[in-house]
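User: I have a model open and want a quick tour. Can you walk me through it?
Analyst: Sure, let's load it.

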Amino acid sequence: MHSTATIVFSLVLITVGMLYVALRRQLSNNASLALSSLVAVVVFTSASGVWFVLKNEIPPPPLAMEPMTIEQVMEEKQQHLTGNPNDAKAWFELGQLYMGQYEFDSATTCFDYAIRLSKAPYAGQFAALATAQYYQHSQTITADVQRLLDITLEMDPFNETALQLIASDHFMSARYEQAIAHWTMILDSDRLGVDRAKVIGSINQAQSFIR
């Protein structure tokens, strides 16, 4: 539309210019002056019309959206669950948000709901619940945490979350060889998304304590 308006304006200018030159040769000075005034009015009117068209076509710059804070995301998720209390996926996502805020009691509740409401609970849910309970109990593998880890690894022997938890617990208790064995399992899984550099760094750190 921009190009169309510009072309029309250009044609108007050319046409008016040609008529002005042709008529001016045949008119007296007074008539020529009147013609010049008329041409000026036509050009001004045409230019104003084109400017108005272009002005209305230029969209306003989009308003920059402020990124949502973690609190706003959590509030939005909670409001969603108020109207959809059986949404297992939303419960799991809210649990992950609570984990990020180190609110392990609330995370445990959310992951438990996610498992109960799922038609087919999966390994990642049990691993998440095990992790939340582990930190809830001051980084201790309780009987319940161990049960959840066993369920997870039975469903998915190379579940990264479960293996990381077990490896970290071995490392914190100075069981470095066991920690290395579980980190090595993560590397051997060949799964996408694994931060291999971080895992290798953890293995090297554990090895440095053995030497």
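**Walking through the model**

User: Start with Glu76. Where does it sit?
Analyst: Glu76 belongs to helix 3, residues 70-83. Keep in mind that this is a predicted model.

User: Is Glu76 buried, exposed or partly exposed?
Analyst: Partly exposed, because its relative accessibility is 46%.

User: How far is Glu76 from Leu94?
Analyst: Their C-alpha atoms are 9.8 Å apart. Along the chain, 18 residues separate Glu76 and Leu94.

User: Leu94 again. Which residues have the most contacts inside the largest nonpolar core?
Analyst: Leu94 is one of them. The others are Tyr98, Met99, Ala107, Phe111, Ala130 and Leu149. That core has 27 residues.

User: Which helices supply at least two residues each?
Analyst: Helix 3, helix 4, helix 5, helix 6, helix 7 and helix 8. Helix 4 gives the most, with seven residues.

User: What does Met99 touch?
Analyst: Leaving out residues up to four places away in sequence, Met99 touches Phe104, Ala107, Phe111, Thr131 and Ala132.

User: And what other core lies apart from the largest one?
Analyst: One of 13 residues. Its members include Ala179, Ile186, Leu187 and Ala206.

User: Switching to annotation. What does UniProt say about residues 88-121?
Analyst: The UniProt record, an unreviewed entry, annotates them as "repeat: TPR".

User: How much helix and strand is in that stretch?
Analyst: Residues 88-121 are 79% helix and 0% strand. The C-alpha atoms at the two ends lie 10 Å apart.

User: Now aromatics. How many pairs are there in the whole structure?
Analyst: The search finds ten aromatic pairs. Phe92 and Phe111 make a tilted one, with centres 5.2 Å apart and 50° between the planes.

User: Where are those two in the chain?
Analyst: Phe92 is in helix 4, residues 88-100, and Phe111 is in helix 5, residues 104-117. They are 19 residues apart, and the pair links distant parts of the chain.

User: Why does Phe92 count as buried? And Phe111, buried or exposed?
Analyst: Phe92 counts as buried because its relative accessibility is 13%, and the limit is under 20%. Phe111 is buried too, with a relative accessible area of 2%.

User: What about Tyr134 and Tyr135? How do those rings meet?
Analyst: Edge-to-face, because the planes are at 85° and the cut-off is over 60 degrees. The ring centres of Tyr134 and Tyr135 are 5.2 Å apart.

User: Tyr134, buried or exposed? And how accessible is Tyr135?
Analyst: Tyr134 is buried at 2% relative accessibility. Tyr135 is partly exposed at 34%.

User: Which residues form a cluster with them?
Analyst: Tyr102 and Phe104. Ring pairs link these two with Tyr134 and Tyr135.

User: On to helix 8. What are its length and reach?
Analyst: Helix 8 covers residues 160-172, so 13 residues. From first C-alpha to last it reaches 18 Å, close to the 18 Å expected at 1.5 Å a residue.

User: Which residues in helix 8 are buried?
Analyst: Ala162, Leu163, Leu165, Ile166, Ala167, Asp169, His170 and Phe171.

User: What covers them?
Analyst: The cover includes helix 6 (123-136), helix 7 (143-155), helix 9 (176-188) and helix 10 (196-210).

User: What happens at the start of helix 8? And what follows the helix?
Analyst: At the start, a side-chain oxygen of Asn159 comes within 3.2 Å of the backbone nitrogen of Thr161. After helix 8 comes Ala174, with a positive phi near 65°.

User: Where is Asp156, and what does it touch?
Analyst: Asp156 is in the loop between helix 7 and helix 8. It is buried, at 14% relative accessibility. Not counting residues up to four places away in sequence, Asp156 touches Ala123 and Arg191.

User: Back to positive phi. What is the story at Ser138?
Analyst: Ser138 is not a glycine, yet its phi is positive, about 55°. Ser138 sits in the loop between helix 6 and helix 7. At 62% relative accessibility, Ser138 counts as exposed.

User: And Asp190, what is its phi?
Analyst: Near 55°, positive in a residue other than glycine. Asp190 lies in the loop between helix 9 and helix 10. Its relative accessible area is 61%, so Asp190 is exposed.

Technical notes:
Residues are numbered from 1 along each chain as its sequence is written. This is a predicted model: local features need pLDDT of at least 70, side-chain atom pairs count only at pLDDT 80 or more; totals for chains, interfaces and linings use all residues. Side-chain values use heavy atoms; hydrogens and water are left out. Helices (H or I, at least four residues) and strands (E, at least two) are DSSP runs, numbered from the N terminus. Buried means under 20% relative accessible area, exposed over 50%, partly exposed in between (1.4 Å probe, protein chains only). UniProt positions are given in the numbering used here, feature names are shortened, and annotations may be inferred rather than shown by experiment. The expected span of a helix is 1.5 Å times one less than its number of residues. Contact means heavy atoms within 4.5 Å. A polar contact is a pair of N or O atoms within 3.5 Å; within protein, one must be able to donate a hydrogen and the other to accept it, and residues adjacent in sequence count only if both atoms are side-chain atoms. Rings of Phe, Tyr and Trp (its six-membered ring) pair if their centres lie within 6.5 Å; planes under 30 degrees apart count as stacked, over 60 as edge-to-face and the rest as tilted. A nonpolar core is a set of buried Ala, Val, Leu, Ile, Met, Phe, Trp, Tyr and Cys residues joined through side-chain atoms within 4.5 Å.
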